[in-house]
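Here is a short briefing on one protein chain. Please keep the sequence and the 3D view open as you read.

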Amino acid sequence: GRCPGDRRAPGTAGMNWFIAAALGLQVALIPCAWVCWRFDSEHRVVALGLAGTVQALAVLCLAVGYSEPGLASLAVVLAALSSGGSVAFARFLERWL
């Protein structure tokens, strides 16, 4: 329920820990971008896979934070596709390594 001192309009969501965790996970993408920018191809593939996993967790945190079950389904699909995409990218990249 709502607290007696809570004066937000009905239907508006406030900040909770899951939304803050999603924001923290977005900040965690900065090292992944740095690795993609500065290192060689093997490290870039690993950073790409990690970025996909971090994004899937961020979307899952947003789904729980906003109580949207559709976003949870999107997070599961994103996790599966990012893992498969990283493997496919590594497979095509091995020609040039």
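What follows covers the overall fold, then the helices, then selected residues.

This is a predicted model. The protein chain has four helices and zero strands. Read along the sequence, the pattern is α-α-α-α. Most of the points below concern helix α3, its packing with α4, and a few residues in and around these elements.

**Overall picture**

- The protein chain has 97 residues, and buried residues make up 23% of them.
- The accessible surface comes to about 7000 Å². Carbon and sulfur atoms account for 71% of that surface.
- Take the contacts between residues at least 6 apart in sequence: 53% of these join residues at least 24 apart.

**Helix α3**

- Helix α3 covers residues 41–66, which is 26 residues.
- Its expected span is 38 Å, because each residue should add 1.5 Å and the span is counted over one less than the number of residues. The end C-alpha atoms of α3 are 37 Å apart, which agrees.
- The buried residues of α3 begin with V45, A47, G49, A51, G52 and V54. The list continues with A56, A58, V59, C61, A63 and G65.
- Which helices do the buried residues of α3 pack against? They pack against α1 (17–27), α2 (29–38) and α4 (69–93).

**A58 and the α1 side**

- A58 sits in helix α3. Its relative accessibility is 1%, so it counts as buried, the cut-off being under 20%.
- Leaving aside neighbours within four places in sequence, A58 is in contact with A22, L25 and Q26.
- A58 and G24 are 34 residues apart along the chain, and their C-alpha atoms are separated by 8.5 Å.
- A21 belongs to helix α1. Is A21 buried or exposed? At 31% relative accessibility, A21 counts as partly exposed.
- A21 and L57 are 36 residues apart in sequence. Their C-alpha atoms are 9.2 Å apart in space.

**The turn from α3 to α4**

- S67 lies in the loop between α3 and α4, just after α3.
- Phi of S67 is near 55°. That is a positive value in a residue other than glycine.
- S67 has a relative accessible area of 58%, so it is exposed, the cut-off being over 50%.

**Helix α4**

- Helix α4 has 25 residues. At 1.5 Å a residue it should span 36 Å, and its end C-alpha atoms are 36 Å apart, which agrees.
- The buried residues of α4 are A75, S82, S86 and L93.
- What covers these buried residues includes α3.

**How α3 and α4 pack**

- Two packed helices are described by the angle between their axes and the distance between the axes.
- α3 and α4 pack at about 175°, and their axes are 8 Å apart. That angle makes α3 roughly antiparallel to α4, because angles over 145 degrees count as such.
- On the α3 side, the contact is made by S41, V45, L48, G49, G52, T53, Q55, A56, V59, L60, L62 and A63.
- On the α4 side, the contact is made by L71, A72, L74, A75, L78, A79, S82, S86, F89, A90 and L93.
- What kinds of residue make up the contact of α3 with α4? They divide into 16 nonpolar, seven polar and no charged.

**Two serines of α4**

- S82 has its place in helix α4. Its relative accessible area is 17%, so S82 is buried.
- Which residues does S82 touch, leaving aside its neighbours within four places in sequence? S82 is in contact with G52 and T53. Both of these partners are among the α3 residues that make the contact with α4.
- S86 also lies in helix α4. At 11% relative accessibility, S86 counts as buried.
- With its neighbours within four places in sequence left aside, S86 is in contact with V45, L48 and G49. These three are likewise listed on the α3 side of the contact.
- An α-helix has 3.6 residues a turn, so residues three or four places apart point the same way.
- S82 and S86 are both among the residues of α4 that make the contact with α3, and both are in the list of buried residues of α4.

How values were computed. Residues numbered from 1 in each chain as written. Predicted model: local features only at pLDDT ≥ 70, side-chain atom pairs only at ≥ 80, totals over all residues. Heavy atoms only, no water. Buried < 20%, exposed > 50% of the residue type's maximum accessible area, 1.4 Å probe, protein only. Contact = heavy atoms within 4.5 Å. Areas by Shrake-Rupley, 256 points an atom, 1.4 Å probe, with all protein chains shown as cover. Axes fitted to C-alpha atoms, helices over the stretch in contact; angles between N-to-C directions. Parallel < 35°, antiparallel > 145°, perpendicular 65-115°, else oblique. Nonpolar A, V, L, I, M, F, W, Y, C, P; charged D, E, K, R; others polar.
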